[in-house]
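Work through these exercises with the model open beside you. Each task is followed by a stepwise solution.

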Amino acid sequence: MDKVLLPDEEITARLAKLPGWEREGDTITRSFGIRYHGGVALIVNVADTERLVGHHADIDLRWDHVRFRITTHDADHRLTAADFDLAARIDRIAAAHQAQRHNS
C-alpha cells in the first residue's frame with residue numbers, strides 16, 4: 001500500500017475524478033442510498049475487497065444508507081493514493097448493488 005502523503009493540490013485533482021466523494025479534513029467520505037439489507041450486502045462485498053487490498057474504510061450503516069469514510073490510518077490518519085484507489089473500488093461495488101447517491 002502506498003503511504004506517501006498527498007499534497008492538497010493532488011487531493012483536489014483526485015477528488016475531481018471521484019464524483020460524490022467529499023473531503024472532510026484528512027478523510028474522504030461518501031454516502032450511498034440503499035436499504036438496510038442491501039447495505040449489509042454492499043458492506044460484505046466492500047470488506048472482501050478491503051481485505052484483498054489491505055486497506056479499510058470506516059463504515060456507518062443506517063436503515064436507508066451506508067457512509068464510507070476513508071483515511072490511511074497507518075500514515076497518521078492522512079490521505080494517500082490508497083484512499084482514492086479504495087474509493088474508486090467502493091464506487092464500482094456500490095454501482096453493482098444499484099446504490100444511489102445519498103445526501104447525508
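A surface patch here is made of residues with over 30% relative accessible area and no salt bridge, and nonpolar side chains are joined within 5 Å. The model is predicted.

**Exercise 1.** Find the nonpolar patch on the surface, then place Trp63 and classify it as buried or exposed.

*Solution.*
1. The patch consists of Tyr36, Val40, Val44 and Trp63. Together they offer about 400 Å² of accessible area.
2. Trp63 sits in the loop that links strand 3 (58-61) and strand 4 (65-70).
3. The cut-off for exposed is over 50% relative accessible area. Trp63 has 57%, so Trp63 is exposed.

**Exercise 2.** Decide how far strand 2 is enclosed, and sort its residues by direction.

*Solution.*
1. Buried means under 20% relative accessible area.
2. In strand 2 (residues 27-33), 7 of the 7 residues are buried, so the strand is largely enclosed by the rest of the structure.
3. Thr27, Thr29, Ser31 and Gly33 point one way. Ile28, Arg30 and Phe32 point the other way. Both sets are buried.

**Exercise 3.** Which strands pair with strand 2, and over how many bridges?

*Solution.*
1. Start with strand 1 (residues 22-24): 3 bridges join it to strand 2, antiparallel. Glu24 has Thr27 as its bridge partner.
2. Check the turn. The two strands form a hairpin with 2 residues between them, and Gly25 there has a positive phi of about 65°.
3. Move to strand 4: 6 bridges, again antiparallel. Thr29 stands opposite Arg69.
4. Finish with strand 5 (residues 100-101): 2 bridges, antiparallel. Here Phe32 faces Arg101 as its opposite residue.

How values were computed. Residues are numbered from 1 along each chain as its sequence is written. This is a predicted model: local features need pLDDT of at least 70, side-chain atom pairs count only at pLDDT 80 or more; totals for chains, interfaces and linings use all residues. Side-chain values use heavy atoms; hydrogens and water are left out. Patches are made of residues with over 30% relative accessible area and no salt bridge: like charges are joined within 9 Å, nonpolar side chains (Val, Leu, Ile, Met, Phe, Trp, Tyr) within 5 Å. Accessible areas come from the Shrake-Rupley method with a 1.4 Å probe; for residues, only the protein chains shown count as cover. A salt bridge is a side-chain nitrogen of Lys or Arg within 4 Å of a carboxyl oxygen of Asp or Glu. Helices (H or I, at least four residues) and strands (E, at least two) are DSSP runs, numbered from the N terminus. Buried means under 20% relative accessible area, exposed over 50%, partly exposed in between (1.4 Å probe, protein chains only). Two strands pair if DSSP finds at least two bridges between them.
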